[in-house]
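Visitor: I have a model open and want to go through it piece by piece. Can you take my questions in turn?

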Amino acid sequence: MIRPTIGQQLDMAWRAALPVSLTLLLLFVSLLSWHLPKLGTIGAAFVTVSVFFWSLHQPNLMTLWGVLAIGLCHDLLTLAPFGVGLLVLLLVHGSALWRRKALVRMPFLLIWLVFGLVAAGASVLTWLLVSFLQEQLIDPSEGVRLFLLAFTFYPPLAALFAWIERRLLPTT
Amino acid sequence: MNKRTGSIGAAAATRSWTHRFTFVLLVALAFGLMLVGKPDSVLVSRLRMMTIDLVAPVINAISRPIDAARETADDVRDYLALKAENEALRLQNQTLLEWQRVARELQAENASLRGHLNFQPGPRASFITANVVADTSSSFVRSLIVLGGRKAGVAKGQAAVTGAGLAGRVLEVGERSSRILLLTDINARVPVVAERSRDQAVLAGRNADLTELLYLPRDSDVKVGDRVVTSGHGGVFPAGLPVGEVTSVAGGHAMVRPYVDFSRLETIRIIDFSLPGILQQDLGVDTTRMLEPSATGTAAGANQ
């Protein structure tokens, strides 16, 4: 067996780190002040889509530790109650892995619908936890907005990720 | 062969169990963090500011090309509108010259009247102007991150204003960056007074575009269109900073639209009025309690 050179190893390392670093990049980009009317929780929506997609298609590259890093970054950067984003992302990751083998073979529309269910659950859970931790009822429309953003952004982001997966990721 | 698949199967099963165990462990960790983050937020707040100190320059770097593109587009638009703008500016200049004359007269009159009254001037406010690098507002919080922290003399509780009026206050301070809690955040409370009727109230954010006036007196005479300014109570903000305009009054509830356009904040002025605030008690956000010793330390240092 031929040992890979350092260059090859580095090359493989950055490709393997792509799903997690891409998610973090999306989070940063969503934090930029865009001077646009507020879309609301767009960062959380992007991150939910990204974690679900990569957990489903490349579970070896979107590991629990990657989800931990993304969740912590999200909670530290936004002022949301600490730990909520992490918990929600862990559950999104878990639900993508649960019955993954059956799910990954489904047509895209069905995967999108399943993601819709997961995103709805994530939005309701976020809303409940934030309301509970802030000890006052948050406007439920905020939870609805999070769900709608995640659901609408799934197809374009999934297309982008699938393209990246085909072009850049090592075939496993 | 069978033996081999058997051992692989066993290895896979072990891996799956380890994975499940880690998953449960991390979920427990998330719950633990919620519990830790709630009552004792000193640690969480410090961690947050450390992360933001690290990430703010990165976000700033990412935003450079986007800003450049936007500026170029603005330049082109400005160039096209040059003639009309020139005309408008010439007219405005005439008006402003007239105002300048009036201001000079008033300044002279003011000086002479102060001389008659033996007027005691208040403490001078100092300010820094900081770039807004990140908008960390989500549906659940309204806050910004600005480049400018303890090194620039920013301290917790200072007022963040724009030309239009009060935008918020400094919530957390890092070395090079700080977090501004906006007026519209659900945890923000500002003592205000209606300029015309002199009714005192507390302006409360609702994580929405409009803010609400709490504790209005029953017989208040607040009307739609009234200006709302800070009352100076609580010692956090000085009196008289413009805050917003009343947009609706119904059944003792009044809504206020802030003057500041929060979707277009590029720079923000952070003003140190050197007021000894009583921030320990306010606002329900536990994070405010931390940094108090260092914040007062900086303020003391700045005063020297």
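Visitor: In the hairpin of β7(B) and β8(B), which residue takes a positive phi?

Guide: This is a predicted model. β7(B) covers residues 200-204, and β8(B) covers residues 211-214. Six residues lie between the two strands. The one with a positive phi, near 60°, is Asn207(B).

Visitor: How many bridges join β7(B) to β8(B)?

Guide: The two strands run antiparallel. Within this pair, Val202(B) stands opposite Leu214(B). The number of bridges joining them is three.

Visitor: Which residues form the uncovered face of β8(B)?

Guide: In a regular strand, side chains alternate between the two faces of the sheet. In β8(B), Thr211(B) and Leu213(B) make up the covered face. The uncovered face is Glu212(B) and Leu214(B).

Visitor: Which residue in β11(B) stands opposite Glu212(B)?

Guide: β8(B) also pairs with β11(B), residues 253-258. That pairing is antiparallel, over three bridges. Opposite Glu212(B) stands Met255(B).

Visitor: In what order do the six strands of chain B close into a barrel?

Guide: The pairing in this barrel is antiparallel. From one strand to the next, the twist averages 45°. The order is β1-β2-β5-β4-β3-β12.

Visitor: Which residue in β12(B) stands opposite Ala130(B)?

Guide: β1(B) and β12(B) pair in the antiparallel sense, over six bridges. β12(B) spans residues 267-272. The residue opposite Ala130(B) is Ile268(B).

Visitor: Which element gives the most to the side of chain B that touches chain A?

Guide: In the contact between the chains, 36 residues of chain B meet 36 residues of chain A. On the chain B side, the elements giving two or more residues are α1 (2-37), α2 (41-80) and β1 (126-135). With 11 residues, the element that gives the most is α2(B).

Visitor: How many residues on that side of chain B are charged?

Guide: The residues there divide by type. Nonpolar ones number 21 and polar ones 11. The charged count is four.

Visitor: Over which residues of chain B is the pLDDT below 50?

Guide: Chain B averages a pLDDT of 80, and 83% of the residues score at least 70. One stretch falls below 50, yet has 41 contacts in the model beyond near neighbours in sequence. Where pLDDT is low, the predicted coordinates should not be read in detail. The stretch is residues 278-304 of chain B.

Visitor: What ipTM does the model score?

Guide: Two scores apply to the model. The pTM is 0.69. The ipTM is 0.80.

Terms used
Residues numbered from 1 in each chain as written. Chains lettered and ligands numbered in written order. Contact = placed C-beta atoms within 7 Å. Helix = DSSP H or I, 4+ residues; strand = E, 2+ residues; numbered from the N terminus. Nonpolar A, V, L, I, M, F, W, Y, C, P; charged D, E, K, R; others polar. Pairing = 2+ DSSP bridges. Axes fitted to C-alpha atoms, helices over the stretch in contact; angles between N-to-C directions. pLDDT = per-residue confidence, 0-100. Buried ≥ 20, exposed ≤ 12 C-beta atoms within 10 Å, placed from the backbone.
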